[in-house]
Amino acid sequence: MKYIFTAFTVLYFITASNFAFAENDINADEIKDYIEYLASDETAGRKPGTKGGQLAADYIRGKMKDFGLKPLCEDYYQKFEVIKSVDAGDGNVLKFDNFSGKVKEDFIPYSFSSNEDVKAEVVFCGYGFEIDEDSLKWNDFKGVDLKGKWALILRGDPESDKTESLFANHVDEREKVISAKDKGAAGVIFVSGPKFSEKDELVSMFYDKSSSGAGIPVVNIKRSAVDKFLNGTGKTVEELESKLNESKLPASFSIPKEILLKTDVIRNKAMTQNVAGIIPGNDPALKDEYIVIGGHYDHLGYGGQGSGSRMPDTNAIHYGADDNASGIAGMLELAEYFANEQNKRTLVFVAFGAEEMGLLGSKYFTDNTPFDLKKVKAMVNMDMLGRLNKDSRTVMVGGTGTSKESEDILNSLAEDLDFKLSYSPEGYGPSDHAAFYGENIPVFFISTGAHEDYHTPFDNVDRLDYDSEEMIVTFISDLVAELDKAPDMLAFLEAGPKVQASRRTRLKVTLGIMPDFTRTDIEGLGVGGVRKGGPAEGSGMLKGDIIVSINGEKVKDIYEYMHRLKKLKAGEMITVDVLRDGRKKVLIVQL
């Protein structure tokens with residue numbers, strides 16, 4: 001009788017176990033359900049600070065609760081503030097002679113303008129160039145007195161009609177402002193010549209993903225209004241542009257007449273959040289170690305200028321089905337799967353907010369993590385899993401060089417896959433794993449890659465391959481299981497610079513730091529990381545330092561930092577002033 005009961009009991013538990021296992025499988029239909037809500041009309045592109053973005057966060061939190069995850073932060077939300085938009089306020093004023101301009105019709109402040117009231121004379125400063133290169137020399141500020149005056153500067157460059165202009169690296173308007181400010185300008189007025197903009201449309205006022213202002217007022221005035229101001233000089237904007245374009249020589253001059261400008265830029269702020277839940281570990285020796293599994297849930301809303309849309313003139317919902325509803329769907333499937341497993345280490349599941357605004361959510365998370373980041377074994381980031389190429393059938397895995405063991409683990413899993421893995425060793429990348437790599441944490445960045453619908457309204461649910469995503473998420477579950485059961489922490493390795501590649505393309509030199517783009521409470525540039533073997537490390541620079549000047553020239557933000565670097569040459573010895581623990585230190589850096 002005992003034998004029969006035992007057999008029956010074993011049979012029951014085997015059956016129940018098999019049933020539970022079947023229910024616990026990664027499932028394409030569930031993935032599709034998650035994506036269809038996250039990329040719906042209701043969530044309206046999931047822009048941070050909007051109703052749609054909040055609905056998406058609430059949905060993710062609800063699923064975490066349903067699966068039995070415990071909240072990492074209060075009610076699963078780790079809240080932080082973002083600037084969601086900028087507007088021209090009612091206090092903008094333009095006056096000279098008997099002319100009174102209308103904001104948004106005759107003039108408009110730039111989104112990065114400071115709010116000030118300046119009445120001063122004007123100096124025409126050509127294209128605002130300060131170029132000293134072997135093949136190109138041009139200085140619009142030489143021989144002019146700009147102190148306390150407005151700098152009137154043409155937008156663009158003398159070759160704006162050419163596909164490859166010699167001046168392409170010098171047209172950035174923030175950089176032109178920095179050069180003028182360095183010469184003592186009280187503010188900058190930009191005007192468009194007819195060659196640059198025949199219709200003379202005012203610049204769009206949009207948040208450019210940087211909370212850093214210029215430090216002086218910056219406006220765009222229509223050339224019809226500027227021509228009125230130039231009346232009496234015998235010159236027009238068209239003539240000035242034509243002369244500079246033909247001669248390619250500076251032709252700056254003072255205008256002994258005052259102009260009054262008041263700038264009023266309103267920065268609209270909103271709260272958003274990361275959504276985070278945990279599955280505590282079961283091994284007494286390993287439960288205080290962590291594996292972070294995440295992806296970003298935000299997208300571009302309705303698109304528009306400055307949003308990151310590849311169709312910025314189209315006002316339509318950017319659904320972001322692949323980017324990155326697919327990654328969040330994968331994270332939710334993994335959360336449900338591991339909630340029914342016996343993991344040794346604590347698993348942390350995070351849906352990051354404001355990734356599209358500059359990796360803000362993941363950086364906020366690593367700066368405010370409610371546990372010891374040094375105990376994080378690895379970070380697995382899923383960003384765009386839904387569009388496996390039918391020909392190459394290749395899934396990209398970034399960060400494979402960030403630990404000694406990464407490739408061996410992946411190779412052991414690759415043998416039974418119905419797709420190929422392509423490895424990239426670099427730890428940095430344009431997604432949320434970058435913040436963890438900056439903290440010396442091994443990362444795995446998993447993606448099926450960009451496509452023609454990326455950052456457009458056409459990244460929709462009907463274009464995803466759900467069966468392929470099921471296979472990819474199953475592979476990721478195996479990867480997480482391998483990381484969980486390994487007896488030791490991964491041995492971190494530095495793999496590539498801790499700086500965004502696109503920010504290095506114009507530079508002849510680099511200090512070898514990872515800028516901290518999220519520090520908005522400081523005057524200077526925060527150092528988020530120091531590359532091993534780079535010039536900064538050799539000078540004694542440390543993570544957490546704040547760079548305030550280079551060679552005695554002020555560094556207020558990332559834009560001034562880049563502007564200073566562009567003037568330097570390899571082999572130079574420079575001084576860098578940093579603030580460390582509230583005290584200034586002067587470092588000598590060999591480039």
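Which residue stands opposite isoleucine 546 in strand 22? I shall answer that question shortly, after a brief introduction to the chain.

Good morning. The structure before you is a predicted model. The chain contains 13 helices and 25 strands. Its C-alpha trace spans about 115 × 50 × 45 Å along the principal axes. For 591 residues, a compact globule would have a radius of gyration near 25 Å, and the 28 Å of this chain agrees with that. Of the 591 residues, 55% count as buried. Consider also the contacts in the chain with a separation of 6 or more: residues 24 or more positions apart account for 79% of them.

Let me now return to the opening question. The residue opposite isoleucine 546 is glycine 526. The setting is the pairing of strand 21, residues 525-530, with strand 22; these two strands run antiparallel and are joined by two bridges. Strand 22 itself covers residues 546-550 and is mostly covered, with five of its five residues buried.

Strand 22 has further partners. Four bridges join strand 22 to strand 24, residues 573-580, and this pair also runs antiparallel. Here isoleucine 546 stands opposite leucine 579. Isoleucine 546 is therefore a useful residue to find on your screen, since glycine 526 stands opposite it and leucine 579 of strand 24 does so too.

The next partner is strand 23, residues 553-554, which is antiparallel to strand 22 and joined to it by two bridges. Strands 22 and 23 form a hairpin with two residues between them. In the turn, asparagine 551 has a positive phi of about 50 degrees.

One residue of strand 22 deserves a closer look, namely serine 549. Its bridge partner in strand 23 is lysine 554. Is serine 549 buried or exposed? It counts as buried, because its relative accessibility is 7% and the cut-off for buried is under 20%. Leaving aside neighbours within four places in sequence, serine 549 is in contact with Lys554, Val555, Thr575, Val576 and Asp577.

I turn now to a pair of helices. In general, two packed helices are described by the angle between their axes and the distance between the axes. The axes of helix 4, residues 173-182, and helix 13, residues 558-566, come within 10 Å and cross at roughly 80 degrees. That makes helix 4 roughly perpendicular to helix 13, because angles of 65 to 115 degrees count as roughly perpendicular.

Which residues meet there? From helix 4 they are Arg174, Glu175, Ile178, Ser179, Lys181 and Asp182, and from helix 13 they are Tyr559, Glu560, His563, Arg564 and Lys566. The residues of this contact divide into seven charged, two polar and two nonpolar.

My last example is proline 425, in the loop between strand 18, residues 420-424, and helix 10, residues 433-437. With a relative accessibility of 45%, proline 425 counts as partly exposed. Its C-alpha atom is separated by 9.9 Å from that of valine 443, and the two residues are 18 residues apart along the chain. Again leaving aside neighbours within four places in sequence, proline 425 is in contact with Gly399, Thr400, Gly401, Thr402 and Ala495.

To close, please locate two places in the model: the hairpin of strands 22 and 23, and the crossing of helices 4 and 13 at roughly 80 degrees. Thank you.

Conventions:
Residues are numbered from 1 along each chain as its sequence is written. This is a predicted model: local features need pLDDT of at least 70, side-chain atom pairs count only at pLDDT 80 or more; totals for chains, interfaces and linings use all residues. Side-chain values use heavy atoms; hydrogens and water are left out. Axes are lines fitted to C-alpha atoms, for helices over the stretch in contact, and angles run from 0 to 180 degrees between N-to-C directions. Angles under 35 degrees count as roughly parallel, over 145 as roughly antiparallel, 65 to 115 as roughly perpendicular and the rest as oblique. Contact means heavy atoms within 4.5 Å. Ala, Val, Leu, Ile, Met, Phe, Trp, Tyr, Cys and Pro count as nonpolar, Asp, Glu, Lys and Arg as charged, and the others, Gly among them, as polar. Buried means under 20% relative accessible area, exposed over 50%, partly exposed in between (1.4 Å probe, protein chains only). Two strands pair if DSSP finds at least two bridges between them. The radius of gyration is taken over C-alpha atoms; the globule rule is 2.2 Å times the number of residues to the power 0.38.
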